[in-house]
Amino acid sequence: ADARGGVDFGNVFRPNEIRGVKFLDSDRDHQRDPDEPGIGGVTIYIDSNRNNQWNAGEPSTVTASDGSYAFPGMTPGAYV
């Protein structure tokens, strides 16, 4: 056993986060190729009630000019 005195430590965890990029998939291969641009100004939402449409109260965000988006500070769970 390793007994050490006077050692302070802690486990630090990042909050959960969902992030991604909306992009123009020109060749429809579901992979972003270097020549496929991001799409800005698109609303991305979490479909909490799984009805395939955005409803008031469901978290949403708008993609940046490079197509990136993020939902920081999410609680553990499954999201659509």
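Q: Which rings pair, and how are stacked, tilted and edge-to-face arrangements told apart?
A: Rings of Phe, Tyr and Trp (its six-membered ring) pair if their centres lie within 6.5 Å; planes under 30 degrees apart count as stacked, over 60 as edge-to-face and the rest as tilted. A pair of aromatic rings is described by the distance of the centres and the angle of the planes. In this predicted model, local features need pLDDT of at least 70 and side-chain atom pairs count only at pLDDT 80 or more, whereas totals for chains, interfaces and linings use all residues. Residues are numbered from 1 along each chain as its sequence is written, and side-chain values use heavy atoms, with hydrogens and water left out. The rule yields one aromatic pair. Its members are Tyr 69 and Phe 71, in an edge-to-face arrangement with 6.3 Å centre to centre and 70 degrees between the planes.

Q: Is Phe 71 buried or exposed?
A: Buried means under 20% relative accessible area, exposed over 50%, and partly exposed in between (1.4 Å probe, protein chains only). Phe 71 counts as buried because its relative accessibility is 6%. Of the 80 residues in the protein, 14% are buried.

Q: How many helices and strands does the protein have?
A: Helices (H or I, at least four residues) and strands (E, at least two) are DSSP runs, numbered from the N terminus. The protein has four strands and zero helices, giving the pattern β-β-β-β along the sequence.

Q: Where does Asn 52 lie, and what is its phi?
A: Asn 52 is in the loop between β2 and β3 and, although not a glycine, has a positive phi of about 65 degrees. Asn 52 is exposed because its relative accessible area is 67%. Arg 50 is placed in the loop between β2 (43–45) and β3 (60–62), and its phi is positive, near 55 degrees.
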